[in-house]
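User: Take a close look at one part of this model, starting from a short helix and following the strands around it. Please explain each term when you use it.

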Amino acid sequence: MTTPLFRDDAYLRTCEAKVIGVNDRGGILLDRSVFYATGGGQPGDCGYLELEDGSQIEIATTVYDDDKTTIVHVPNADQGVPPDGSSVTAHIDWTRRYRLMRMHTALHLLSVALPYPVTGGQVGESEGRLDFDMGSEAIDKDTLLETLNNLAGSDHTVTSEWITDAELDANPGLVKTMSVKPPRGSGAVRLVRIGADIDLQPCGGTHVSRTSEIGQLALGKIENKGKQNRRVRIRLMD
């Protein structure tokens with residue numbers, strides 16, 4: 001099991017860790033990590049591991065192992081692996097991560113601006129998208145963009161809190177996503193809250209601490225995906 005340090009502090013860029021193994025595909029397992037593992041529409045972090053002798057192992061992406069609790073740091077091709085029990089310093093590509101944090105929070109705001117069931121989504125560095133089950137409802141692009149930028153620019157706080165599986169069962173309306181279900185089984189579910197009452201939903205991803213960090217947003221392509229699904233893309237302007 002890997003302690004996911006990013007879950008409590010998304011702004012951590014490095015950490016000291018111990019190597020607890022290498023899986024059969026050459027993925028490096030650590031006892032703790034700042035690397036976010038792919039999940040919930042957000043891609044895994046990349047970066048590098050610094051060994052005790054100063055050498056580096058470049059990490060191409062990060063995923064969860066089959067047990068869903070151990071983070072696998074996938075090295076670039078032709079990279080070596082450190083020995084079990086050795087100490088490393090994990091460094092994420094912070095520029096990329098921060099853009100993903102801004103976009104992920106922006107997509108939560110998009111789900112507020114368009115209050116329909118979410119059927120899919122993807123977080124990208126410059127562009128992200130959500131798919132909505134909204135039937136034949138029309139989207140006023142100007143109004144949508146104004147709403148989004150007003151929400152982002154209002155400097156709402158972004159915080160996290162935890163509830164039990166039973167509390168989530170008692171409040172099914174918290175789950176907006178139809179295709180991605182919140183992780184269960186550990187007894188606790190992480191919620192991300194924006195402002196006092198702007199948004200509250202289960203999410204394991206990384207987010208900025210204030211909506212003003214998102215910056216100016218632009219609308220990308222809006223397209224139909226089937227009879228009811230509407231795909232809405234948004235972009236970071238810087």
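Analyst: **From a short helix to the sheets and a pocket**

Ala 166 is found in helix α3, residues 165-170. Helices (DSSP runs of H or I, at least four residues) and strands (runs of E, at least two) are numbered from the N terminus. The model is predicted, so local features need pLDDT of at least 70 and side-chain atom pairs count only at pLDDT 80 or more, while totals for chains, interfaces and linings use all residues. Residues are numbered from 1 along each chain as its sequence is written, and side-chain values use heavy atoms, with hydrogens and water left out.

Ala 166 has a relative accessible area of 54%, so Ala 166 counts as exposed. The cut-offs are under 20% for buried, over 50% for exposed and partly exposed in between, using a 1.4 Å probe and protein chains only. From Ala 166 to Gly 135 there are 31 residues in sequence, and their C-alpha atoms are 32 Å apart in space.

Consider next a sheet that includes β11 (158-164). The strands of this open sheet are in the order β11-β12-β13, three strands with antiparallel pairing. Two strands pair if DSSP finds at least two bridges between them. Each of the edge strands, β11 and β13 (199-202), has a single partner, so one side of each is left without a neighbour in the sheet. On average, neighbouring strands here are turned by 25° against each other, direction ignored. The antiparallel strands β11 and β12 are joined by seven bridges. Within β12, Arg 190 is the bridge partner of Trp 162.

Helix α1 (residues 94-113) lies across β11, β12 and β13, and runs at about 115° to β13. Such angles run from 0 to 180 degrees between N-to-C directions, with axes fitted as lines to C-alpha atoms, for helices over the stretch in contact. One residue of helix α1 is Met 101. Its relative accessibility is 0%, so Met 101 counts as buried. Leaving aside residues up to four places away in sequence, Met 101 touches Ala 10, Tyr 11, Trp 94, Thr 206, His 207 and Val 208; contact means heavy atoms within 4.5 Å. Arg 13 is 88 residues from Met 101 along the chain, and their C-alpha atoms are separated by 13 Å.

His 207 comes up again at a pocket. The second largest pocket has a volume of about 200 Å³. Of its 16 lining residues, the closest to the centre are Asp 8, Val 158, Ser 160, Arg 190 and His 207. A pocket is an open set of points on a 1 Å grid over the protein atoms alone, where a 1.4 Å probe fits, with protein on both sides within 12 Å along at least five of seven lines; lining residues have an atom within 4 Å of a point. Points are joined across faces, edges and corners, and the volume is the space filled by probe spheres set on them.

β11 and β12 (188-194) each supply at least two residues of this pocket's lining. β11 gives the most, with three residues. By type, the lining divides into six nonpolar, six polar and four charged residues. Here Ala, Val, Leu, Ile, Met, Phe, Trp, Tyr, Cys and Pro count as nonpolar, Asp, Glu, Lys and Arg as charged, and the others, Gly among them, as polar.

The loop between α2 and β11 holds Asp 155. Most residues other than glycine have a negative phi. Asp 155, which is not a glycine, has a positive phi near 60°. Its relative accessible area is 31%, so Asp 155 is partly exposed.

A second open sheet has four strands in the order β9-β10-β15-β14, with antiparallel pairing. Its edge strands, β9 (118-122) and β14 (217-225), each pair on one side only. From one strand to the next, the twist averages 15°. Helix α2 (residues 141-153) packs on this sheet, touches β14 and β15, and makes about 130° with the direction of β14.

Seven bridges join the antiparallel strands β10 (residues 127-133) and β15 (residues 229-236). Asp 133 stands opposite Asn 229 in β15. Between β14 and β15, also antiparallel, there are seven bridges. Asn 224 has Arg 230 in β15 as its bridge partner. The hairpin of β14 and β15 has three residues between the strands, and in this hairpin Gly 226 takes a positive phi near 90°.
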